[in-house]
Amino acid sequence: HSSSDGDDALRGRRVLVTAGGTREALDPVRFLGNRSSGKQGVALARAARDAGAHVHLIAAHVETELPSGVDITRVSSARELQDATLAAAREADVVIMAAAVADYRPDTVGEHKMKKSEDGADPVIRLVRNPDILRAVVAQRAERSLEQLIVGFAAETGDAEHSVLDFARAKLARKGCDLLVLNEVGTDKVFGHDDTEVTVLSARSSEDRGARGTKDEVARFVVQRIAEDVRTDG
Ligand code: CTP
Ligand code: CA
């Protein structure tokens with residue numbers, strides 16, 4: 001195989017991309033959120049579009065301009081993202097799960113704006129787990145016997161005993177997706193910045209491949225990597 005093998009593999013394929021950070025409501029005016037800008041997901045949607053794919057972008061909260069020439073669905077919470085993603089994934093050849101999904105949400109959402117109490121105790125926010133959308137997409141693929149390539153993302157930091165790659169390998173296996181795009185995160189790496197560095201891990205090969213550059217350059221690299229696998233699958 002030459003490196004240009006995947007060049008045309010996405011032409012006419014349906015590619016679903018999720019991007020941005022979910023928000024979990026506390027009351028009508030407050031939410032729990034995260035720092036995802038959505039730039040990487042939007043760059044992936046553009047790169048897939050430029051590779052000739054029909055792109056559906058499901059945008060949670062995105063702080064960058066949305067691309068033209070792609071279908072867009074807007075969502076806010078993890079559960080809205082899950083409903084939109086599972087429905088759209090039924091029609092997709094490739095699912096790229098770049099959104100930053102809140103792991104937890106407040107267990108209740110106030111109907112009215114919360115008020116400070118003058119004499120009572122300070123409020124405590126109880127959290128409950130959100131569904132794992134990526135795993136649900138993997139499960140749906142199996143249930144419906146879909147021909148689909150599923151790509152997860154992971155933002156990891158290493159610790160004393162485990163490297164980021166150890167964590168990413170374990171996550172790839174746990175999620176059951178085909179490719180996992182690893183971002184190593186620190187306080188001012190990745191989030192909201194234009195330069196980034198990724199390593200792509202594959203479930204069917206132990207060979208990791210990395211790229212660094214602008215989010216657009218990295219997106220083109222990831223899309224090229226996806227195209228190679230789509231091509232190999234026929
Ligand atoms: N993801 C998802 N649904 C969730 C959480 C994460 O679909 N509820 C997806 C993300 O979009 C990403 C991948 O799973 O593609 C990995 O996200 P990450 O937060 O790294 O994984 P978690 O399983 O939540 O692991 P951790 O406990 O390390 O946060
Ligand atoms: Ca998580």
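Which loop holds D103?

1. D103 sits in the loop that runs between β6 (94-97) and β7 (104-106). Strands here are DSSP runs of E with at least two residues, helices are runs of H or I with at least four, and both are numbered from the N terminus.

2. The model is predicted, and local features need pLDDT of at least 70, side-chain atom pairs pLDDT 80 or more, while totals for chains, interfaces and linings use all residues. Residues are numbered from 1 along each chain as its sequence is written, chains are lettered from A and ligands numbered from 1 in the order written, and side-chain values use heavy atoms, without hydrogens and water.

3. The calcium ion (ligand 2) has as protein donors D103 (OD) and D103 (OD), at 2.5 Å. Donors are N, O and S atoms within 2.8 Å of a metal, or 3.2 Å for Na, K and Ca; water is not among the atoms, so sites may look incomplete.

4. Around ligand 1 there are 13 residues, of which M97, A99, L134, K171 and K175 come nearest; near means a heavy atom within 4 Å. By class, 8 are nonpolar, 1 is polar and 4 are charged. The largest share, 3 residues, comes from β9.

5. Ligand 1 makes polar contacts (pairs of N or O atoms within 3.5 Å). One of its oxygen atoms is 2.7 Å from a polar backbone atom of M97. A polar side-chain atom of K175 is 2.7 Å from an oxygen atom of ligand 1.

Technical notes: A polar contact is a pair of N or O atoms within 3.5 Å; within protein, one must be able to donate a hydrogen and the other to accept it, and residues adjacent in sequence count only if both atoms are side-chain atoms. Ala, Val, Leu, Ile, Met, Phe, Trp, Tyr, Cys and Pro count as nonpolar, Asp, Glu, Lys and Arg as charged, and the others, Gly among them, as polar.
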